[in-house]
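Work through these exercises with the structure open beside you. Try each task before you read its solution.

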Amino acid sequence: QFPASRFSWCVEPLGCSVLEGHPHIDDLIVFVRKRWRRNLLSPTRFWGSVRDFSGLVARMRRSKFDLVIDFQINFRSGLAVACSGARWRVSFHPQDCREFGGWLFANLRAPPGPLSRPRVLKNLHLVRYLGWTGDVPEAVVPVPEEQREWARRFVDLSLIHISEPTRRT
């Protein structure tokens, strides 16, 4: 829809390994929420956590996002949307949210969608609200070459241990 755009994704550390090297993602922004929450409760680490979070907000603001889409629609993702500084912050209609609060940070909300539908169709409903008219794009999962090579070696080694059953006579 926007061929000249750059695509960034704000993700928690667990999701990073799946998205690293993705050909359609220009920038991964890591949101280390669990560590920050733990550190906020520690008197000795509190200010370090505040500084880390402020750094994340500054990084997002420097990106000067025009549009941010919140597919998660929970309070955490809503907070990231609010911190982005984007002019347009898009989310689902409140009735389509599982958790309270995520939609609060959006200034554009899609109309309500059908109540029961798979996640991919729910997300498609949101991007159709933004003007997408195509079908569901084919999923792309990048697998780095070194991991492909490891998988090939693993399969080759496992074949050594497989043998034909012998017949007893």
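**Exercise 1. A buried acid**

Task: Decide whether D70 is buried or exposed, and find how far away the nearest side chain of opposite charge lies.

Solution. Step one: D70 is buried. Step two: look for a partner of opposite charge. The nearest such side chain is R119, and it is 6.9 Å away. Step three: apply the cut-off. A salt bridge needs the two charged groups within 4 Å, so D70 has none. Keep in mind that this is a predicted model.

**Exercise 2. The surroundings of D70**

Task: Place D70 in the chain, then list what it touches beyond its neighbours in sequence.

Solution. Start with the position. D70 sits in the loop that links β3 (67-69) to α4 (75-84). Next, follow its side chain: it reaches the backbone nitrogen of I73 at 2.9 Å. Now skip the neighbours within four places in sequence. The remaining contacts of D70 are S77, G78, V81, V90, S91, F92, G102 and L126. Two of these residues, S77 and G78, return in Exercise 4 as buried residues of α4.

**Exercise 3. Two unusual phi angles**

Task: Compare K64 with I73. What sign does phi have in K64, and in I73? Is K64 buried or exposed, and is I73 buried or exposed?

Solution. First, recall the rule. Most residues other than glycine have a negative phi. Now check K64: its phi is positive, near 50°. Phi of I73 is also positive, near 50°. Then find the loops. K64 lies between α3 and β3, while I73 lies between β3 and α4. Last, check the surface. K64 has a relative accessible area of 67%, so it counts as exposed. I73 has 2% relative accessibility, so it counts as buried.

**Exercise 4. Helix α4 from start to end**

Task: Describe the start of α4, its buried residues and the residue that follows it.

Solution. Begin at the start. A side-chain oxygen of N74 comes to within 2.8 Å of the backbone nitrogen of S77. Then list the buried residues of α4: S77, G78, A80, V81, C83 and S84. Look at the spacing too. Residues three or four places apart on an α-helix point the same way, because there are 3.6 residues a turn. Next, ask what lies over the buried residues of α4. The cover includes β1, α3 (46-63), β3 and β4. Finish at G85, which follows α4 and has a positive phi, near 75°.

**Exercise 5. Helix α5**

Task: Which residues of α5 are buried, and what covers them?

Solution. Helix α5 spans residues 119-129, and K122, N123, L124 and L126 are buried in it. Their cover includes β3 and β4 (88-91). After α5 comes G131, with a positive phi near 110°.

**Exercise 6. Strands and their order**

Task: Work out the strand order of the open sheet, then describe how β1 and β2 are paired.

Solution. Take the open sheet. It has three strands in the order β3-β4-β5, paired in parallel. β3 and β5 (108-109) are the edge strands, each pairing on one side only. Between β4 and β5 there are two bridges, and V90 faces L108 of β5.

Now turn to β1 and β2. β1 (residues 8-11) pairs with β2 (residues 27-30) in the parallel sense, over four bridges. C10 stands opposite I29 of β2. Finally, add helix α1 (residues 13-19): with β1 and β2 it makes a right-handed β-α-β unit.

Key. Residues are numbered from 1 along each chain as its sequence is written. This is a predicted model: local features need pLDDT of at least 70, side-chain atom pairs count only at pLDDT 80 or more; totals for chains, interfaces and linings use all residues. Side-chain values use heavy atoms; hydrogens and water are left out. Buried means under 20% relative accessible area, exposed over 50%, partly exposed in between (1.4 Å probe, protein chains only). Lys and Arg count as positive and Asp and Glu as negative; His and the chain ends are not counted. A polar contact is a pair of N or O atoms within 3.5 Å; within protein, one must be able to donate a hydrogen and the other to accept it, and residues adjacent in sequence count only if both atoms are side-chain atoms. Contact means heavy atoms within 4.5 Å. Two strands pair if DSSP finds at least two bridges between them. A crossover is right-handed if, with the strands pointing away from the viewer, the path from the first strand over the helix to the second runs clockwise.
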